[in-house]
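Reader: I am in my first year and would like a close look at a single part of this protein. Please take one helix, say what surrounds it, and then place it in the rest of the chain.

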Amino acid sequence: MITAQIPEIKTLLSTPKNCVIVPHKNPDGDAMGSTLALYHYLKIYNHNAVVIAPNDYPDFLKWLPDNDSVLIFDTNQEACQAFIEDADLLFTLDFNAFHRAGDGLGNAMETSKGIKLMIDHHQQPDDYATYMYSDVSMSSTCEMVYNFIEMLGDLDKIDAEIATCLYVGIMTDTGSFRFPATTSRTHQVIGDLIEKGANNSEIHNNIYDTNSYSRLQLLGKAMQNLKVIPELKTAYITLSQDELDEYHFKKGDTEGFVNYALSLKGIVFAAIFIENKQEDIIKVSLRSKGDFSVNEFSRAHFNGGGHTNAAGGRSESDLKTTIDKFISILPQYKQQLSQ
Ligand code: 5GP
Ligand code: MN
């Protein structure tokens, strides 16, 4: 357990170190918020820190404090490899298995001699970290980074920039404080982050009110494609590459679409299938309400994972074959879905 290791971590951090901080592939608000918050924190102690994101992420996250310092592994492999080779400490945030950082970056971290520290709230963590702070009950990795800073006795070091980053991740991972993992403690942390300078209204605006016209049109298309299987309390959406192209799809444009399917009255299981011709895969996003575990469903059928109520995965088949497979396996879950 991390609390017993805190003195050791404090000793490690008492002199400047080369620190590499990595979020998962296709980073979301929690991944970028937690890594940039930790980056700021480590900078206060004069560590030589860098955030290395596996690949690019949506524009609506690019206003975060010090976003410009982030290196993207996909487009800057040599520099990133050098940082990883020289790393004393490797922080893996918001994921718990190297492959979740993508093959290249995952392998580089696995072979690095840097000491590994994990902060994460996903299920079934791999056992690679010397210091592992893993808690699946947590709302977000950002809430855990707050706890981590608290364990280090440094809540007073949280400035407006750290507070802003942490607020973003807690907000996005809790669906703006509505998912069940949102606790009174989550709200207390959020209250403290506002006290410390996070501008809640501005943050909501920056993340959610930056729609392009074409994104809203794409949302319209997604809603037209929405299908409902009432007897299995399931709804799903498809988007083909042609449809994405028609509405000038940009990374992040489909973020949150699956939640509309889940918002249908009586629906407990929602999915979105998005064709990606470049990677030659179908990206699958799964959401549920109650006990139905989309983490287990994704692990069993779509080579993915995540949380009980939010998970992702992929299919190597074409869109139609993937949907046919999805529909054909659903009846196995009839009992769980109709509870
Ligand atoms: P999303 O559907 O928004 O991409 O992801 C939902 C949740 O599942 C996130 O917590 C994300 O980290 C996780 N997730 C998404 N894709 C994968 C995947 O391919 N494998 C695993 N293990 N987790 C995933
Ligand atoms: Mn998260």
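Author: Two residues are in contact here when heavy atoms lie within 4.5 Å. The model is a predicted one, and the part chosen is helix 6, which covers residues 160-173.

Start with its length. Helix 6 has 14 residues, and at 1.5 Å a residue it should span 20 Å. Its end C-alpha atoms are 20 Å apart, so the expected and the computed span agree.

Next, is helix 6 enclosed or open to the outside? A residue is called buried when its relative accessible area is under 20%. In helix 6, 11 of the 14 residues are buried, so the helix is largely enclosed by the rest of the structure. The buried residues include a run from Ile 162 through Ala 163, Thr 164, Cys 165, Leu 166, Tyr 167, Val 168, Gly 169 and Ile 170 to Met 171. Asp 173 is buried as well. An α-helix has 3.6 residues a turn, so residues three or four places apart point the same way.

What does the enclosing? The buried residues of helix 6 pack against helix 2 (29-44) and helix 5 (141-151). They also pack against helix 7 (184-195) and helix 8 (200-208). After helix 6 comes Gly 175, which has a positive phi near 60°.

A positive phi also turns up in residues other than glycine, and two aspartates serve as examples. Asp 94 has a phi near 70°, and Asp 280 has one near 60°. Asp 94 lies in the loop between strand 4 (89-93) and helix 4 (103-111), while Asp 280 is in the loop between strand 9 (269-276) and strand 10 (281-288). Their surroundings can be read from the accessible area. Asp 94 has a relative accessible area of 1% and is therefore buried. Asp 280, with 58%, is exposed.

Another helix offers an exposed residue. Gln 224 lies in helix 9 (residues 213-224), and its relative accessibility of 60% means that Gln 224 counts as exposed. Between Gln 224 and Thr 238 there are 14 positions in sequence and 9.5 Å in space, C-alpha to C-alpha.

Now the whole protein. Helix 6 is one of 14 helices, and there are 12 strands besides. For 339 residues, a compact globule would have a radius of gyration near 20 Å; the protein has 20 Å, so the two agree. The C-alpha trace spans about 60 × 40 × 40 Å along its principal axes. Of the 339 residues, 54% count as buried. Among contacts with a separation of 6 or more, 65% are between residues 24 or more positions apart. The protein exposes about 15200 Å², with 47% of that area supplied by carbon and sulfur atoms.

Last, the aromatic rings. The protein has 15 aromatic pairs. Ring pairs join Tyr 236, Phe 269, Phe 273, Phe 292, Phe 297, Phe 302, Phe 326 and Tyr 333 into a cluster. Phe 302 also has a charge over its ring: the charged end of Lys 325 sits there, 4.7 Å from the ring centre. In another such arrangement, the charged end of Lys 62 sits over the ring of Tyr 57, 5.4 Å from its centre.

Note on methods. Residues numbered from 1 in each chain as written. Chains lettered and ligands numbered in written order. Predicted model: local features only at pLDDT ≥ 70, side-chain atom pairs only at ≥ 80, totals over all residues. Heavy atoms only, no water. Phe/Tyr/Trp six-rings, centres within 6.5 Å; stacked < 30°, edge-to-face > 60°. Lys NZ or Arg CZ within 6 Å of the ring centre and 35° of its normal. Helix = DSSP H or I, 4+ residues; strand = E, 2+ residues; numbered from the N terminus. Rg over C-alpha atoms; globule rule 2.2 N^0.38 Å. Buried < 20%, exposed > 50% of the residue type's maximum accessible area, 1.4 Å probe, protein only. Areas by Shrake-Rupley, 256 points an atom, 1.4 Å probe, with all protein chains shown as cover. Expected span 1.5 Å × (residues − 1).
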